[in-house]
Amino acid sequence: MSTRAKKIFLALTIVVPFLIYCVVYYTPMLRNAPFKLKEFESIEFKWGEGNNLENSYNSATGDYQYVNAKDSIIKTNVKLRKDDILYLHSKANELGFWNFPDFMANSESDLKTSKVPRYVMTFNYKKKSKTVVFLVDYNGDPKLKGLAMQMKTLLTQSINEAEERYGKQAASKN
């Protein structure tokens, strides 16, 4: 067999099947990726005990409501920057938020009367949205629980940082 025939044989047996595999494997993933940053619309984040979700944030409107240390409901308007949205979207993608189950609660939990802290995280896109309800006492997969806690922490931090920026801007204008 000549060297040219060996190269053709090598290409046909190794390179071509590898390329076919890549196309077959990755094309559906890229085509069906429903959570694209360019289609992003808003983030909704609610939390509280049981069904009483007094604390909430909506990035589309900027409405932020929370209960302070004195049990008073504080309503304010806080807008996330595009950088914040990009960061949260990329972290959600990195953590696999799109693959989280819709409900992260113990099977024996009574979802209606439970006084366990609950977090509802929703990412809204033009064609689709992803909502995850996470109860803190979830004792399923510990890695999944850790990722959900991390996502909750990222959302909380981003909202609090945006509120601090907004407060400083308002103070500097006065």
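Trainee: What is the status of glutamate 39, buried or exposed?
Mentor: In this predicted model, glutamate 39 has a relative accessibility of 12% and therefore counts as buried.

Trainee: And lysine 127, buried or exposed?
Mentor: Lysine 127 counts as exposed, because its relative accessibility is 72% and the exposed class begins over 50%.

Trainee: How do the side chains of glutamate 39 and lysine 127 meet?
Mentor: They form a salt bridge, with an N to O distance of 4.0 Å. The two partners belong to distant parts of the chain, 88 residues apart. Glutamate 39 sits in the loop between helix 1 (3-31) and strand 1, while lysine 127 sits in the loop between strand 6 and strand 7 (129-135).

Trainee: How many salt bridges are there by this rule?
Mentor: The count is five.

Trainee: Which residue does aspartate 84 form a salt bridge with?
Mentor: Its partner is arginine 165, and the closest N and O atoms are 2.6 Å apart. This pair also links distant parts of the chain: aspartate 84 is in helix 2 and arginine 165 is in helix 3 (residues 142-173), with their positions 81 residues apart.

Trainee: What is the relative accessible area of aspartate 84?
Mentor: The value is 10%, so aspartate 84 is buried. Arginine 165, at 22% relative accessibility, counts as partly exposed.

Trainee: What about aspartate 102, which residue does it form a salt bridge with?
Mentor: Aspartate 102 pairs with lysine 130, and 3.1 Å separates the closest N and O atoms. Aspartate 102 lies in the loop between helix 2 and strand 5, and lysine 130 lies in strand 7, so the bridge ties together parts that are 28 residues apart in sequence. Aspartate 102 is partly exposed, at 44% relative accessibility, whereas lysine 130 is buried, at 8%.

Trainee: Which residues are joined into one network by salt bridges that share partners?
Mentor: Arg81, Asp84 and Arg165 form that network.

Trainee: Let us change topic. How many helices and strands does the protein chain have?
Mentor: The chain has three helices and seven strands. Their order along the sequence is α-β-β-β-β-α-β-β-β-α.

Trainee: What share of the contacts comes from residues 24 or more positions apart?
Mentor: Such residues account for 60% of the contacts with a separation of 6 or more.

Trainee: How much of the chain is made up of buried residues?
Mentor: Of the 174 residues, 32% are buried. The chain exposes about 11500 Å², and carbon and sulfur atoms supply 55% of that area.

Trainee: Which residues touch the most other members in the largest nonpolar core?
Mentor: They are Phe97, Met104, Met121, Phe123, Met151 and Leu155, in a core of 31 residues. Strand 1, helix 2, strand 6, strand 7 and helix 3 each supply at least two residues of this core. Helix 3 gives the largest share, seven residues.

Trainee: Which residues is leucine 155 in contact with, leaving aside neighbours within four places in sequence?
Mentor: Leucine 155 contacts Ile43, Phe45, Leu88, Met121 and Phe123. There is also a second, separate core of five residues, among them Ala105, Val116, Val133 and Leu135.

Trainee: Now the rings. How many aromatic pairs does the count come to?
Mentor: The count comes to eleven. In one of them, the ring centres of tryptophan 47 and tyrosine 64 are 6.4 Å apart and the planes make an angle of 40°, so the pair is tilted. Tryptophan 47 is in strand 1 (residues 40-49) and tyrosine 64 in strand 3 (residues 63-67), so parts 17 residues apart in sequence are tied together. Both tryptophan 47 and tyrosine 64 are buried.

Trainee: Why is the pair of tryptophan 98 and tyrosine 125 edge-to-face?
Mentor: The planes of tryptophan 98 and tyrosine 125 stand at 85°, with the centres 5.8 Å apart, and edge-to-face requires an angle over 60 degrees. Tryptophan 98 is in the loop between helix 2 (82-95) and strand 5 (103-104), and tyrosine 125 is in strand 6 (residues 117-125), 27 residues apart. Both tryptophan 98 and tyrosine 125 are buried.

Trainee: Which residues form one aromatic cluster with Trp98 and Tyr125?
Mentor: Phe40, Phe97, Phe100 and Phe123 join Trp98 and Tyr125 in that cluster.

Note on methods. Residues numbered from 1 in each chain as written. Predicted model: local features only at pLDDT ≥ 70, side-chain atom pairs only at ≥ 80, totals over all residues. Heavy atoms only, no water. Phe/Tyr/Trp six-rings, centres within 6.5 Å; stacked < 30°, edge-to-face > 60°. Helix = DSSP H or I, 4+ residues; strand = E, 2+ residues; numbered from the N terminus. Buried < 20%, exposed > 50% of the residue type's maximum accessible area, 1.4 Å probe, protein only. Contact = heavy atoms within 4.5 Å. Areas by Shrake-Rupley, 256 points an atom, 1.4 Å probe, with all protein chains shown as cover. Core = buried A, V, L, I, M, F, W, Y, C linked by side-chain atoms within 4.5 Å.
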